Amino acid sequence: MSSGTDKIVSSIMSEAQGKADVIIQDANAEVSAIQAKAEKTAEAEKAKILENGKKQSDMRYQQIISEAKMNARRAKLGAKEDVIEAAFNQATGELKAIASSGEEEYKDSLSKMIKEAADEIGRDDLIIHLNEADTNKFKQDLSSDSFEVEGIKFTLGEPIKAIGGAILKTSDGDIEVNNTIEARLERYKSILRSEVAEILFK
């Protein structure tokens, strides 16, 4: 190869090398830019994920705390209800003992319960139902199943299952007033419950 040809080849090779170097530099720069962008994006995503994770963590924490507080309130209310119910059961037991004792205190209360029921009905021909013990006591004191008190006629009906008190009905059965101890307790339970709670948990 002549020296002229060598110079041409050398010049072409030199030019090609220069272009290749530029291309490689550009490629490296682009790769660096892509890597930098990817890293930036990854960091942003990482921060976002962490932030979302923290938010979710905080939300779950608050949810757990809220549920715990709610469960504690329920447990507290449940415990209070158990105590109030126990108080009612004790009171019912004591009323049962008083009713079965036949003492004057119960006789007076029974008379008042009968009078209240009769006044509520407002009729003068009534059938009265008492528990078995009170029915037997009435029968012992009466010559028949019918009697009159303050102008109101009563007929002694069949015994009922009750602690005490009475159920009164009109003779035609149209009107009935349940004034047994159980019915009275149930009627006044909501009022008594708040009073009992105030006494027990003040």
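Me: How many bridges join E1 to strand E4, and do they run parallel or antiparallel?
Reply: In this predicted model, strand E1 and strand E4, the latter made of residues 165-170, are joined by four bridges and run antiparallel. One pairing to look for is Ile 127, whose bridge partner in E4 is Lys 169.

Me: And E1 with E3, parallel or antiparallel?
Reply: Strand E1, which covers residues 125-129, runs parallel to E3, and four bridges join the two. Among the residues involved is Asp 125, which has Lys 153 as its bridge partner in E3.

Me: What about E2 and E3, how do those run?
Reply: E2 and E3 run antiparallel and are joined by four bridges, with Val 149 having Ile 152 as its bridge partner in E3. The two strands form a hairpin that has two residues between them, and Glu 150, which sits in the turn, has a positive phi of about 50°.

Me: Stepping back, which elements does the chain have, and in what order?
Reply: The chain contains four helices and five strands, and read from the N terminus they follow the order α-α-β-α-β-β-β-β-α. Helix H1 spans residues 3-101, while helix H2 spans 104-121 and helix H3 spans 132-141.

Me: How much of the chain is buried?
Reply: Of the 202 residues in the chain, 19% are buried. The chain exposes about 14,700 Å², and carbon and sulfur atoms supply 55% of that area. As for contacts with a separation of 6 or more, 67% of them are between residues that lie 24 or more positions apart.

Me: Switching to pockets, what is the volume of the largest one?
Reply: The largest pocket has a volume of about 440 Å³, and its lining is made up of 19 residues, with Lys 107, Leu 110, Ser 111, Ile 114 and Phe 138 lying nearest its centre.

Me: Which element gives the most to that lining?
Reply: H2 gives the most, with seven residues in the lining of the largest pocket. Helix H3, strand E2 (146-149) and strand E3 (152-156) also each supply at least two residues. By type, the lining divides into ten nonpolar, three polar and six charged residues.

Me: You listed Ile 114 there; is it buried or exposed?
Reply: Ile 114, which is found in helix H2, is buried, because its relative accessible area is 10%, and the cut-off for buried is under 20%.

Me: What does Ile 114 touch?
Reply: Leaving aside residues up to four places away in sequence, Ile 114 touches Ile 128, Leu 130, Phe 138, Phe 154, Ala 166 and Leu 168. Another residue to compare is Val 177, which is 63 residues from Ile 114 in sequence, while the two are 9.7 Å apart in space, C-alpha to C-alpha.

Me: Back to pockets, how much space lies in the second largest one?
Reply: About 250 Å³ of space lies in the second largest pocket. Its lining includes Leu 95, Ile 98, Tyr 106, Met 113, Ile 181 and Arg 184, and these lining residues divide into nine nonpolar, one polar and two charged.

Me: And where does the largest share of that lining come from?
Reply: The largest share, five residues, comes from H4, the helix spanning 181-201, and H1 and H2 also each supply at least two residues of the lining of the second largest pocket.

Technical notes. Residues numbered from 1 in each chain as written. Predicted model: local features only at pLDDT ≥ 70, side-chain atom pairs only at ≥ 80, totals over all residues. Heavy atoms only, no water. Buried < 20%, exposed > 50% of the residue type's maximum accessible area, 1.4 Å probe, protein only. Contact = heavy atoms within 4.5 Å. Areas by Shrake-Rupley, 256 points an atom, 1.4 Å probe, with all protein chains shown as cover. 1 Å grid on protein atoms, 1.4 Å probe; cavity = no way out; pocket = protein on both sides within 12 Å on 5 of 7 lines; lining within 4 Å. Points joined across faces, edges and corners; volume = space filled by probe spheres on them. Nonpolar A, V, L, I, M, F, W, Y, C, P; charged D, E, K, R; others polar. Pairing = 2+ DSSP bridges.
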